[in-house]
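User: I'm new to this structure and would love a close look at the place where chain B touches chain A. Could you walk me through that part?

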Amino acid sequence: MRPLAILGGRLVDPRAGSVQPGNLLIVDRRIAAVGDFDVPAEAERIDASGLLVTPGLVDVGSFAIDLPAFVAGGITRAALMPDQSPPLDHAALVQRAAQAGKPDVWVHPIAAGTKALAGRELAEIGLMRAAGAVAVATGRGWIADSGVMLRLLGYASALDLPVIAHAEDGSLTAGAVATDGETATRLGLPAAPAAAEAMAVARDLMLAEEAGAAIHFRQITTARAFDLVRAAKRRGVRVTCGITPAHLFLSDQAIGPFRTFARLSPPLREEADRLAAIEAVRDGTVDLICSGHDPQGPEAKRLPFADAEPGMAGAATLLTLSLALVRDGVIALPRLFDLLSTAPARLLGLPGGGLDVGDEADLLLVDEGAPWRIDSDRMAGAAGNTPFDALPVQGRVVRTIKGGVALN
Amino acid sequence: MSASPFPHRHLLGLAGLHPWEITYLLDEAEQWVTLNRGTAKHDGRLAGLTQMNAFFEASTRTLLSFEVAGKRLGADVVNMAVAQSSVKKGETLIDTAITLNAMRADVMVIRHDRSGAVHLIADKVNCPVLNAGDGRHEHPTQGLLDALTIRRRKGRIEGLVVAICGDVLHSRVARSNIHALTTLGAEVRVVGPPTLLPAGVERMGAQRFTDFDAGLDGADVVMMLRVQRERMDGALVPSAREFHALYGLTHKRVERAAPDALVMHPGPMNRGVEIDSAVADDPVRSAITEQVEMGVAVRMACLDVLTRERRGIAA
């Protein structure tokens with residue numbers, strides 16, 4: 001393979017916290033030189049002037065292997081949720097999923113914590129780890145039985161795998177499709193109190209502390225749950241949490257009038273919670289931003305609201321939407337790529353997430369100012385179920401480079 | 001160029017309507033009250049038009065009311081009563097809507113047990129759609145007929161205190177009434193056990209009461225809602241007996257309301273649970289049979305107004 005030189009871009013290095021003009025050389029799938037260097041005569045050259053050069057995104061918790069969406073969105077490594085059909089609760093299934101994306105985008109399976117994700121018996125986590133699982137998850141749901149959750153945390157911790165939890169107390173959210181409040185009441189939708197999230201977080205934090213285990217909440221979306229995570233971090237609990245752009249930029253008003261593309265799990269919250277989420281990104285309580293990618297076709301979404309499946313296609317728009325945090329002055333560019341790349345790679349023990357010499361050459365070229373409009377009918381990937389349909393946005397991935405190979 | 005007094009293609013809910021639009025529909029209904037009280041209850045203005053009543057949820061009185069309304073206006077009325085199981089098994093709601101549309105309905109009246117289902121259908125068809133109740137969301141013609149009943153009995157709506165009592169959480173009737181009555185300037189209270197009052201209802205403009213007596217105090221209109229028996233098994237309410245003791249409208253309780261207070265119920269009633277027979281049948285206070293009468297008139301008005309564009313009538 002010829003060396004590849006990316007010239008004239010601005011390098012966003014989340015580890016160094018810097019954005020600087022510079023060149024970058026890739027040799028044998030790895031970053032070989034950064035900054036000023038002599039471009040080898042045989043090297044292929046990419047002109048990146050006017051573009052950002054960033055690490056590829058690492059997405060924690062996609063529900064589908066959707067390579068076109070990943071490539072369009074700049075996701076070079078995707079951790080796959082165990083909520084597949086059948087669920088990833090067996091080493092052979094994990095092994096097969098781990099091969100699904102190569103060589104383009106690497107898929108890293110997350111093992112089901114319990115058999116069939118039923119929340120009752122521990123799955124063969126050790127064997128799944130050996131087959132390539134990078135974490136363990138409760139799946140779309142919460143594990144109601146505290147004893148099971150405690151044992152799962154302890155067991156996974158001994159294997160050095162983080163437990164990725166869904167934070168909604170299922171006894172409160174059973175049958176609910178929205179958050180209690182004015183919007184759900186106006187629309188006449190079954191709803192659960194936002195406190196269902198904080199209750200789940202409080203219990204799971206306590207159990208993680210008890211087990212000395214690392215816990216990651218895939219999505220935290222309410223002020224009270226952020227407060228709990230913030231306080232737990234202060235006393236040294238090994239806790240991290242993520243959020244999707246939907247909960248950062250939309251409140252539950254987006255579900256009116258019965259827009260099933262905005263039916264999410266957890267559901268969209270009231271505006272005060274949305275503002276608390278922005279604040280939690282600003283102050284570092286939020287560790288990472290994920291896509292929650294869950295493509296759903298019309299047969300799952302063109303239904304009465306309560307009958308529609310939850311979830312959004314989020315991979316293709318993850319970076320574009322997140323860039324608004326930089327334009328709005330909430331965070332700086334290097335921090336954004338820490339949230340989207342470095343921190344998720346660290347959580348899952350994956351390479352990548354940086355621009356250091358020797359790092360795997362998973363890179364993006366990004367035009368941060370490019371204006372376009374999100375169109376659910378023309379989204380890259382398996383389906384276009386985005387609650388951001390028709391939104392004018394800025395910033396897009398121009399090139400996705402995986403292991404030194406440009407995918408688009 | 002004169003703007004239409006009711007510039008909406010469908011009637012999916014009363015939320016967001018202007019006060020003059022609601023008043024216009026009530027005014028239009030008055031002529032039908034008069035016609036319906038005569039011997040020749042017929043007007044041919046919808047002659048040749050096909051009205052399809054597609055009820056995906058069981059209904060007797062509302063379906064009958066829409067059928068009578070359509071027939072009195074001369075429409076060809078077709079009822080599609082969907083056994084719930086066959087629809088659940090078979091085609092999707094959208095496919096059903098497309099099928100009805102292909103049969104060239106001129107107006108559709110739709111009821112469904114899911115909030116928002118009627119919106120979904122309205123997006124897919126070429127004719128006006130009238131919501132006859134969708135889940136817990138809205139039941140606009142019920143809100144209109146209640147407003148008309150109150151206006152005729154009390155001479156006004158503005159400034160009246162209306163207590164809507166019982167299972168507000170699951171009630172589309174309550175929601176449509178809150179919209180209609182607050183829009184027309186009434187003071188609306190919702191009264192019930194906390195387990196049957198929806199969160200954030202204050203922000204729809206209603207005051208929240210969990211004490212029945214306090215909620216009834218001085219009310220000009222007491223509107224009782226039906227409480228389904230299966231909700232009084234301990235999950236939301238301990239028992240029907242306890243519900244009656246705390247929230248049942250008895251003769252004694254109704255004394256708390258204004259001396260000339262009107263008693264209403266959308267039906268069908270659970271006599272002895274949310275309302276005692278003595279109150280329901282009170283010849284002076286009770287407006288319950290009048291509500292049924294107003295229902296036909298209001299539905300005639302809605303069918304007329306919504307099909308005008310199709311009939312080539314400007315306004």
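Analyst: Happy to! A term to begin with: a salt bridge is a side-chain nitrogen of Lys or Arg within 4 Å of a carboxyl oxygen of Asp or Glu. In this model, which is predicted, the side chains of Glu270(A) and Arg203(B) form such a pair, with N to O at 3.0 Å. The distance lies within 4 Å, so the pair counts as a salt bridge. Between chain B and chain A the count is three salt bridges. Polar contacts are found there as well: six residue pairs across the interface, with both residues at pLDDT 80 or more.

Which elements of chain B give two or more residues to the side that touches chain A? They are helix H4 (93–102), helix H5 (117–122) and helix H7 (172–183). H5(B) gives the largest share, three residues. Sorted by class, this side of chain B has eight nonpolar, seven polar and six charged residues.

Now let's turn to the extent of the interface. On the chain B side, 21 residues are in contact with 18 residues of chain A. The size of an interface is often given as the accessible area lost when the parts come together. Here the area buried between the two chains is about 1,600 Å², and carbon and sulfur atoms give 59% of that. Arg114(B), Ala199(B) and Arg203(B) together supply 30% of the area that chain B buries against chain A, more than any other three residues. Arg203(B) thus appears twice in this picture: in that trio and in the salt bridge with Glu270(A).

How values were computed:
Residues are numbered from 1 along each chain as its sequence is written. Chains are lettered from A and ligands numbered from 1 in the order in which they are written. This is a predicted model: local features need pLDDT of at least 70, side-chain atom pairs count only at pLDDT 80 or more; totals for chains, interfaces and linings use all residues. Side-chain values use heavy atoms; hydrogens and water are left out. Contact means heavy atoms within 4.5 Å. Buried area is the accessible area (1.4 Å probe) that two parts lose on being put together, summed over both. A polar contact is a pair of N or O atoms within 3.5 Å; within protein, one must be able to donate a hydrogen and the other to accept it, and residues adjacent in sequence count only if both atoms are side-chain atoms. Helices (H or I, at least four residues) and strands (E, at least two) are DSSP runs, numbered from the N terminus. Ala, Val, Leu, Ile, Met, Phe, Trp, Tyr, Cys and Pro count as nonpolar, Asp, Glu, Lys and Arg as charged, and the others, Gly among them, as polar.
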